[in-house]
Amino acid sequence: MKEFFKYVFATVFGIVISAVILGILFFVVFVGMISSIGSESETVVKKNSVLFLNLDQAIIERTPEGSFGSLFGGASDKSIGFNDVIRALKKAQTDENIQAVYINVSAPNAGMATMLEVRNAIIDFKKSKKPVIAYSEVYSQGAYYLASAANKVYLNPEGELEFKGFSSNLMFFKGALEKLGIEAQIIRVGNYKSAVEPLINTKMSDYNRQQVTAYVNGLYDTFLTGISQTRKIEKDSLWQIADQYKIQLPKDALAYKMVDGLKYKDEILDELRNITGTDKKKDINSLSINDYIKSLSTEGESSSKNKVAVIYANGDIVGGEGSDEQIGSERISRAIRKARLDDDVKAIVLRVNSGGGSALASDVIWREMVLSKKAKPVIASFGDVAASGGYYIGCAADSIFVQPNTITGSIGVFGVILNFQELFNNKLGLTFDGVKTGQYADIMSSNRPLTPAERAMIQKGVNNIYNTFITKVADGRKKTKTQVDSLGGGRVWIGTDAVKNGLADRLGSFKDAVASAAKKAKLKDYKVVEYPEKIDPLKEFLGAAKDNVSAYYAKKEFGENYVLYKQMQKAISNTGIQARMDYEIRIK
């Protein structure tokens, strides 16, 4: 018995000691991570430097202050705001220490409109007559779109250049839900509002196929047009090269003038040494775009008290505070209100990158936009996506700017009420019973189907929200409700078509939108201020620790199919009344 207790005591003691040691190690690592965020060394730009443009990192709306995401296998610390990329490239044009830009990109993590913003900034940089060199072992289509803006595009002799045209595939959950005994009860307005189709169909409806075909072709046209202009290849020829899949080997890319040469990395480095006048035995002076941005600080910023406020609205629209990757109705409406009440803020730009979300939360933000419009000029700048609720919050602006490949519209509303009765009763053997004080006290319960009367009432509510939606769009866009309804019904449009049909005003960049806001406010000298304040990375990490751990294991389990898992999770969780775009668009 003594031996037993001795071993038990030793085991317990060992566990306690291990826990203490692990706790100390975690504390040391944790403190080190915090210190690394707050103590960044000063960036020095040496003479004859090459600016390294790493475009495989996440290109988002705003550069984060710091990140703990990689601790649990989340998004890499390396992420950058597209506006900072543009600002850095603009500064590099006149920076005597920067002699060239080197682009490395294989598979960019950015939306189509964001890539267009960055691509145009690269083209603008070339006005400086400083060379831009792009090199990669593998180019995805998005990577090549960015790289094709360079003066010289090089590919590894054994590498790969993907050029095959665009495709868009949707995943449908109806069969899986039926096997599980789950019924998706759908209430919607608009034949094109196809966000619910994956729950009730096994393939695309004719309406959805029509709109997807239209916007995929529109995105592809912008893609080919850009490459045609910088590579000096006819657009029809590019279409044929992709359609017939002519780029199968590196030598094919060279033969069709998609690249300027097939080279290894050492040959690229030699070329950069020649450009910078660097001895072949010495390392090239180079710095990343991320570090270069830190060196800019507020240099050259106007000292004027006049301000143009940029409100960043990025992600799903939800009630409450949200996050830097979510549009919380409280946080964003408070930011707009703060800008409206600040007398030094002479104009507001709402930067939207959202496929929508909660209809109610969208309306809360819309209200602040209307109030602000009465006080000062308000411009909306739409990014990759500004659809459904994303369009709702921007429709009251004085003017709406879109890129040719912005996805917008999707003016429609839907509701999803899941019925688990068959799953509970027939598969799990669970039954329910209870009492209620009124016949509708348990409306929208998940353990039984809707009655015809309940469905009619919910449909009435959805119709009312849709009517409110198109009324507000009509007021903001100076159109009749009938006109808006004809463009609505949930239909998705690309930027070029949105300008033609009046849902947007101008094709233009984020920079164009800011300039327009300043012009409307009659400002010649002003500074740009950003709202809302970025969330402290430590607080964000601690608040999302549980989600980070869950995401880590899910990614480990599902691998490349993690995105499909997320889509299914999102589709099932979209209960209640939504002003949300049909789905996450992923073009291959």
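Trainee: Where does the charged end of Arg119 sit?

Mentor: A charge sits over a ring if NZ of Lys or CZ of Arg is within 6 Å of the ring centre and within 35 degrees of the ring normal. In this predicted model, the charged end of Arg119 lies over the ring of Tyr145, 4.8 Å from its centre. Lys472 gives another case: its charged end is over the ring of Trp366, 3.9 Å from the centre. As background, the model is predicted, so local features need pLDDT of at least 70 and side-chain atom pairs count only at pLDDT 80 or more, while totals for chains, interfaces and linings use all residues. Residues are numbered from 1 along each chain as its sequence is written, and side-chain values use heavy atoms, with hydrogens and water left out.

Trainee: Which residues form one aromatic cluster with Tyr145?

Mentor: Rings of Phe, Tyr and Trp (its six-membered ring) pair if their centres lie within 6.5 Å; planes under 30 degrees apart are stacked, over 60 edge-to-face, and the rest tilted. The cluster joins Tyr139, Tyr144, Tyr145, Phe163, Phe166, Tyr220 and Phe223.

Trainee: How many aromatic pairs does this rule give?

Mentor: The count is 15 aromatic pairs. One of them is Phe52 with Tyr102, stacked at 5.7 Å centre to centre with 20° between the planes. Phe52 is in strand β1 (residues 49–54) and Tyr102 in strand β4 (residues 98–104), so this pair ties together parts 50 residues apart in sequence. Strands here are DSSP runs of E, at least two residues, and helices are runs of H or I, at least four, numbered from the N terminus.

Trainee: Is Tyr102 buried or exposed?

Mentor: Buried means under 20% relative accessible area, exposed over 50%, and partly exposed in between (1.4 Å probe, protein chains only). Tyr102 is buried at 7%, whereas Phe52 is partly exposed at 26%. Tyr392 and Phe469 make a tilted pair, 4.6 Å centre to centre and 35° between the planes. Tyr392 is buried at 3%, and Phe469 is buried at 1%.

Trainee: At what angle do helix α7 and helix α8 pack?

Mentor: Two packed helices are described by the angle between their axes and the distance between the axes. Axes are lines fitted to C-alpha atoms, for helices over the stretch in contact, with angles from 0 to 180 degrees between N-to-C directions. Helix α7 (residues 206–231) and helix α8 (residues 235–243) pack at about 115°, with axes 9 Å apart.

Trainee: Which residues in α7 meet α8?

Mentor: With contact meaning heavy atoms within 4.5 Å, Tyr220, Asp221, Leu224, Thr225, Ile227 and Ser228 in α7 meet Lys235, Leu238, Trp239 and Ala242 in α8.
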